[in-house]
Structures are given as C-alpha cells and as structure tokens.
Amino acid sequence: MSSSLLTYRKKSFWVHNAIAEVWFYSFVQTALAEPAIPAWLRGMVDDISPALDAAWIDGVAMNAFDDHLTSPERLEFFLPLMMKINTALLSKASTGRVVSVDKFDAASEFLIPEIQMIETLFLRPESIHEPWKIFTVPRGWCVA
C-alpha cells in the first residue's frame, strides 16, 4: 500500500494513500455541506477534488493544508470540521474491518492510528519531531 507525506507547518507523518483518500473525500463532503462555505475553504475543496477524481492524492497530502490554512482564523474554522470528520470515521472504523466512503475504502486497523495522527498534527504538533511512520504489528500499531 503506497503512502504520502501529510504535512502542515513543517510537521509531517506518512499516511497510507487509502486513508488519505477516505479522509480527504470525507473532508470535501463535510466542507461542501457547510451553510456558508468561505472562499478559502472552497478553494481547498477545488484543489482536492480533482486529485480524488484521478486517485492521485500525493500532491494534495503534501500541500493542501499549508496552501489554505494560512491564518489562525482559518485554522480555527478548520479544526471543528476536522474533528467532525475524524469522529465519524473512527466511529465507522470501530464497527467494521473496512471503512467505505463512496468509492474509497480503508482498512480500519490502519485508519484508526492514522486518524489519530491527523489530530496530533493539528492539536499537538510540538510532539512531532521527525516525519513519523505508523507501522501495524501483530499486537497493534506503533509510531516510529
């Protein structure tokens, strides 16, 4: 399974592309459901959507956040959206081995720790010192 570097403000971790596709698709749907979508958020959706359509998430994972979350106000708007997405995906992951959203599928065993890392990236970035990689091992998962 290929992976991409998910980056925000010089902090990053490696995410499996299947998880990135599920997360970014969920993000696009959640953002579009906003009653008054700000122009910058619409721009973010417009940048992500073609990559999802082409199943080419690599460049989006590397640049989407830094290109659009350029102020504290934007980050403040984004964080509740992120938490809504993460909560929904973790709930789906807790009830089955695979999380499916539209045409994208991800194994729950990978999705759970990687969604938790997305939260770390935004809520506790100081704890990330090097690009982290999440490994699944027979007794669970570890970050290295």
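This briefing describes the fold, the aromatic cluster, the core and selected local features of one protein chain.

The structure is a predicted model. Its chain contains five helices and six strands, and their order from the N terminus is β-β-α-α-α-α-β-β-α-β-β. Of the 144 residues in the chain, 44% count as buried. Among the contacts with a separation of 6 or more, 61% are accounted for by residues 24 or more positions apart.

**Aromatic pairs**

- A search of the whole structure yields 12 aromatic pairs.
- The rings of Phe24 and Phe65 form a stacked pair, because their centres are 5.8 Å apart and their planes stand at 25°, an angle under the 30 degrees that marks the limit for stacking.
- Phe24 belongs to helix α1 (residues 17–32) and Phe65 to helix α3 (residues 58–68), so this pair ties together parts that are 41 residues apart in sequence.
- Phe24 is buried, with a relative accessible area of 1%.
- Phe65 is likewise buried, and its relative accessible area is 1%.
- Phe65 also pairs with Phe122: the ring centres are 4.9 Å apart and the planes stand at 80°, so this pair is edge-to-face.
- The pair of Phe65 and Phe122 links distant parts of the chain, since Phe65 lies in helix α3 and Phe122 in helix α5 (residues 108–123), 57 residues apart.
- Phe122 is buried, at a relative accessible area of 7%.
- Through ring pairs, Tyr8, Trp23, Phe24, Phe27, Phe65, Phe78 and Phe122 are linked into a cluster.

**The nonpolar core**

- The largest nonpolar core has 46 residues, and the members that touch the most others are Trp23, Phe24, Phe27, Phe65, Phe78 and Phe122.
- Helix α1 gives the most to this core, contributing 10 residues.
- Beyond its neighbours within four places in sequence, Phe78 is in contact with Trp23, Phe27, Trp40, Met44, Phe65, Leu69 and Phe122.

**The hairpin of β1 and β2**

- Strand β1 (residues 3–8) and strand β2 (residues 11–16) run antiparallel and are joined by six bridges.
- One of the bridge partnerships sets Leu5 opposite Trp14 in β2.
- Two residues lie between the strands of this hairpin, in which Arg9 takes a positive phi near 50°.

**Helix α2 and the salt bridge**

- Helix α2 has 16 residues and reaches 23 Å from its first C-alpha to its last, which is close to the 22 Å expected at 1.5 Å a residue.
- The buried residues of α2 are Trp40, Leu41, Met44, Val45, Ile48, Ala51 and Leu52.
- The structure holds one salt bridge, formed by Arg42 and Asp46, whose closest N and O atoms are 3.5 Å apart.
- Arg42 and Asp46 are four residues apart in helix α2 (residues 39–54), so about one helical turn separates them.
- Arg42 is partly exposed, at 38% relative accessibility.
- Asp46 is also partly exposed, with a relative accessible area of 41%.
- Ala55 follows α2 and has a positive phi, near 55°.

**Leu81 in helix α4**

- Leu81 is located in helix α4 (residues 72–94).
- With 4% relative accessibility, Leu81 counts as buried.
- Leu81 and Thr30 are 51 residues apart along the chain, and their C-alpha atoms are separated by 7.1 Å.
- Not counting residues up to four places away in sequence, Leu81 touches Thr30, Glu34 and Leu41.

**Helix α5**

- Helix α5 has 16 residues and a reach of 22 Å from its first C-alpha to its last, close to the 22 Å expected at 1.5 Å a residue.
- This helix is mostly covered, as 12 of its 16 residues are buried.
- The buried residues of α5 include Phe110, Leu111, Ile115, Met117, Ile118, Leu121 and Phe122.
- Ser108, Pro113, Glu114, Glu119 and Thr120 are also among the buried residues of α5.

How values were computed: Residues are numbered from 1 along each chain as its sequence is written. This is a predicted model: local features need pLDDT of at least 70, side-chain atom pairs count only at pLDDT 80 or more; totals for chains, interfaces and linings use all residues. Side-chain values use heavy atoms; hydrogens and water are left out. Rings of Phe, Tyr and Trp (its six-membered ring) pair if their centres lie within 6.5 Å; planes under 30 degrees apart count as stacked, over 60 as edge-to-face and the rest as tilted. Buried means under 20% relative accessible area, exposed over 50%, partly exposed in between (1.4 Å probe, protein chains only). Two strands pair if DSSP finds at least two bridges between them. A nonpolar core is a set of buried Ala, Val, Leu, Ile, Met, Phe, Trp, Tyr and Cys residues joined through side-chain atoms within 4.5 Å. Contact means heavy atoms within 4.5 Å. A salt bridge is a side-chain nitrogen of Lys or Arg within 4 Å of a carboxyl oxygen of Asp or Glu. The expected span of a helix is 1.5 Å times one less than its number of residues.
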